Amino acid sequence: MPSQPVSPATLPAQERQCRSKLHQLLSQAEGFLNGSLIVMARRCGKPTCRCASDDEARHRSLYLGQTLNGKTTMLYIPASLEPSVRQWVANFQQAAQLIEQLSQQARIRLNLSKQQAAARKSSSHSHKAPAPKPPRKPS
């Protein structure tokens, strides 16, 4: 496999399309966030609040759940930032899907290269004449 940059023209159409979409996403997206958005419904603790007696009236808030260094963290997202954070999470998920598709395409190319190398190796061995055996000494 070449270690130099690959010419897009030599790539399969599906791989070129994935690369193009990823490049466009990376250059145009405002941000990327890896994690899950979680809506929490909580009671505020005030005895006179509706949430104290009505489960449907609990206060809702948005959190970003992430696993960092093996620990799960929850980051509160203010309502004013919710649209941006939702878009950043969606951007990350889209980029991850495109990278996974590129990985699958690379695996296909790797398997094809291995098959071609094996075919070249077996065809080069079949064209060689066997080495002559040394003459036997009479007994």
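Select Ser61 to begin: at 18% relative accessibility this residue counts as buried, a word that here means under 20% relative accessible area, with exposed meaning over 50% and partly exposed in between, for a 1.4 Å probe and protein chains only. Ser61 has its place in strand S2, residues 59-68, where helices (H or I, at least four residues) and strands (E, at least two) are DSSP runs numbered from the N terminus. What you are looking at is a predicted model, in which local features need pLDDT of at least 70, side-chain atom pairs count only at pLDDT 80 or more, and totals for chains, interfaces and linings use all residues. Residues are numbered from 1 along each chain as its sequence is written, and side-chain values use heavy atoms, with hydrogens and water left out.

Keep Ser61 selected and add Ile38, Val39, Met40 and Tyr76, with which Ser61 is in contact once its neighbours within four places in sequence are left aside; contact means heavy atoms within 4.5 Å. Met40 stands opposite Ser61 in S2.

Now show the strands, of which 3 form an open antiparallel sheet in the order S1-S2-S3; two strands pair if DSSP finds at least two bridges between them. Strand S1 (36-42) and S3 stand at the edges with a single partner strand each, so one side of each has no neighbour in the sheet. From one strand to the next the twist averages 40 degrees, taken between axes that are lines fitted to C-alpha atoms, with angles from 0 to 180 degrees between N-to-C directions. S1 and S2 pair over 7 bridges.

Next select Cys18, Leu22, Leu25, Ala95, Leu98 and Leu102, the 6 residues of the largest nonpolar core, which is a set of buried Ala, Val, Leu, Ile, Met, Phe, Trp, Tyr and Cys residues joined through side-chain atoms within 4.5 Å. Helix H1 (13-28) and H2 each supply at least two residues of this core. Apart from it lies another core, of 5 residues, among them Leu62, Ile77, Val85 and Val89.

Turn to the cysteines: with a disulfide taken as a pair of cysteine sulfur atoms within 2.5 Å, the count comes to 0. Cys51 is in no disulfide, and the nearest cysteine sulfur, that of Cys49, is 3.5 Å away. Cys51 is buried, with a relative accessible area of 0%.

Finally, colour by pLDDT, the predictor's confidence in each residue from 0 to 100: the protein averages 88, and 91% of the residues score at least 70.
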